[in-house]
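Colleague: Could you take me through one part of this model in close detail, the aromatic cluster and what surrounds it? I would enjoy a connected account rather than a list.

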Amino acid sequence: MKEAKIRALIADDESLARKFIRRILKQDHEVEIVGECGNGKETVATIQKQRPDVVFLDIQMPEMDGFKVLETLGLEHLPEIVFTTAYESYAIRAFELHAVDYLLKPFDQVRFKAAVKHVKERVHSQHLEDGRLQIGALLKSIKAQPAHLDRIIIKADGRIRFLDTREIDWIEADDKYVHLHTREGSRMVRQTLGAMEAQLDPAKFLRIHRSAIVNIERIKELQPLFNGEHSLLLDNGTKLTLSRSYKDKLFERLGRPL
């Protein structure tokens, strides 16, 4: 009797990443793609409706990240999970510690096919409960980590660098990336500004504009502009704009002018 195809769901907010995964999976006659999702809420709804055997799940998605997707579904309803992520932080160590399948972007066909082979072995052996236990341990581990980042891991030019958050002067949004500006220059990380803000200590870093976060200790001077905005001067001479909508939060944190 012919075995049923493995039903796969692709969940990633990047269209190019979905296209890459789709192209490889379509070459595998043992796999059937049952859907594609671009955000966390859509992923939860599709998993509940389609009941896939495996989900290729990106961690950093809008509206609801990959970890929140798993928490929302509950362990008893989880399919096989393969994380596809650019998360270069404590999460990678947690994946390895709990033997959870993950693909660190950018991954190639060889690495991806090896992950698919592992999925097939687990699905056909009906050892999905083992995977759920590992996911449960992973989620506990992630929750047990410090609430705010002290270091950011940056991968560039074939090297991995550890950047202490105290070295950051300010952070600039660039679509799905951020530029971390320090005394030594700028480093780019694949992370939205909102996601980066959520990981930083709010007592040390403050959003001053929809596209900028500053290290509070670097603020030297404020100069009033028109329409309630201010020019914000850092101690290295950098000038930024404090928008009207973020002004009150800054004054609440630092105190109002006397």
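Modeller: Happy to! Let's start with two rings: Phe-107 and Phe-112 are both buried. This is a predicted model, so please read everything here as computed from its coordinates. The two rings form a stacked aromatic pair, with 5.9 Å from centre to centre and 15° between the planes. The structure holds 4 aromatic pairs, and Phe-107 and Phe-112 join Phe-20 and Phe-56 in one aromatic cluster.

From the cluster, a good next step is Thr-84, in strand β4. Thr-84 has a relative accessibility of 0%, so it counts as buried. Leaving out residues up to four places away in sequence, Thr-84 touches two members of the cluster, Phe-56 and Phe-107, along with Asp-12, Ile-21, Leu-57, Asp-58, Ile-59, Leu-103 and Lys-105.

Phe-56 also leads to Leu-9, which sits in strand β1. Leu-9 is buried too, with a relative accessible area of 0%. Beyond its neighbours within four places in sequence, Leu-9 is in contact with Phe-56 as well as Val-54, Val-55 and Pro-52. Other contacts of Leu-9 include Val-34, Gly-35, Glu-36 and Cys-37, and also Thr-43, Thr-46 and Ile-47. Leu-9 and Pro-52 are 43 residues apart along the chain, yet their C-alpha atoms are separated by 6.2 Å. Just before Pro-52 comes Arg-51, in the loop between α2 and β3. The phi of Arg-51 is near 50°, a positive value in a residue other than glycine. Arg-51 is partly exposed, with a relative accessible area of 46%.

Now for the nonpolar packing around these strands. In soluble globular proteins, nonpolar side chains tend to be buried together. The largest nonpolar core here has 24 residues, and those with the most contacts inside it are Leu-57, Leu-70, Phe-83 and Ile-135. Two or more residues each come from β1 (6-11), β2 (31-37), α2 (40-50), β3 (54-58), α3 (66-73), β4 (80-85) and α6 (128-144). Helix α3 supplies the largest share of this core, 4 residues. Leu-70 shows how the core is joined up: setting aside residues up to four places away in sequence, it touches Leu-57, Leu-78, Ile-81, Phe-83, Ile-135 and Leu-139. A second, separate core of 17 residues includes Phe-107 from our stacked pair, together with Ala-8, Ile-24 and Val-116.

There is open space to consider as well. The second largest pocket holds about 410 Å³. It is lined by 15 residues, and the closest to its centre are Ala-86, Lys-105, Pro-106, Tyr-177 and Arg-190. Lys-105 is a residue we have already met, as one of the contacts of Thr-84. The elements giving two or more residues to the lining of this pocket are α1 (15-26), β6 (151-156) and β10 (185-189), and β6 gives the most, with 3 residues.

For a contrast, look at helix α8, residues 244-254, where the buried residues are Tyr-246, Lys-247, Leu-250 and Phe-251. They cover an arc of only 145° around the axis, which puts them on the same side of α8. On the other side of α8, Ser-245 and Glu-252 are exposed. The buried residues of the helix pack against β11 (205-209), β13 (219-224), β14 (230-234) and β15 (239-242). Ser-243 is in the loop between β15 and α8. With 8% relative accessibility, Ser-243 counts as buried, and apart from residues up to four places away in sequence it touches Ile-208, His-209 and Glu-229. After α8 comes Gly-255, whose phi is positive, near 100°.

Finally, the setting for all of this. The chain has 8 helices and 15 strands, and 47% of its 258 residues count as buried. Among contacts with a separation of 6 or more, 54% are between residues 24 or more positions apart.

Terms used. Residues are numbered from 1 along each chain as its sequence is written. This is a predicted model: local features need pLDDT of at least 70, side-chain atom pairs count only at pLDDT 80 or more; totals for chains, interfaces and linings use all residues. Side-chain values use heavy atoms; hydrogens and water are left out. A nonpolar core is a set of buried Ala, Val, Leu, Ile, Met, Phe, Trp, Tyr and Cys residues joined through side-chain atoms within 4.5 Å. Buried means under 20% relative accessible area, exposed over 50%, partly exposed in between (1.4 Å probe, protein chains only). Contact means heavy atoms within 4.5 Å. Rings of Phe, Tyr and Trp (its six-membered ring) pair if their centres lie within 6.5 Å; planes under 30 degrees apart count as stacked, over 60 as edge-to-face and the rest as tilted. The arc is that of the directions from the helix axis to the C-beta atoms. On a 1 Å grid over the protein atoms alone, a cavity is a set of points where a 1.4 Å probe fits but cannot get out, and a pocket is an open set with protein on both sides within 12 Å along at least five of seven lines; lining residues have an atom within 4 Å of a point. Grid points are joined across faces, edges and corners, and a volume is the space filled by probe spheres set on the points.
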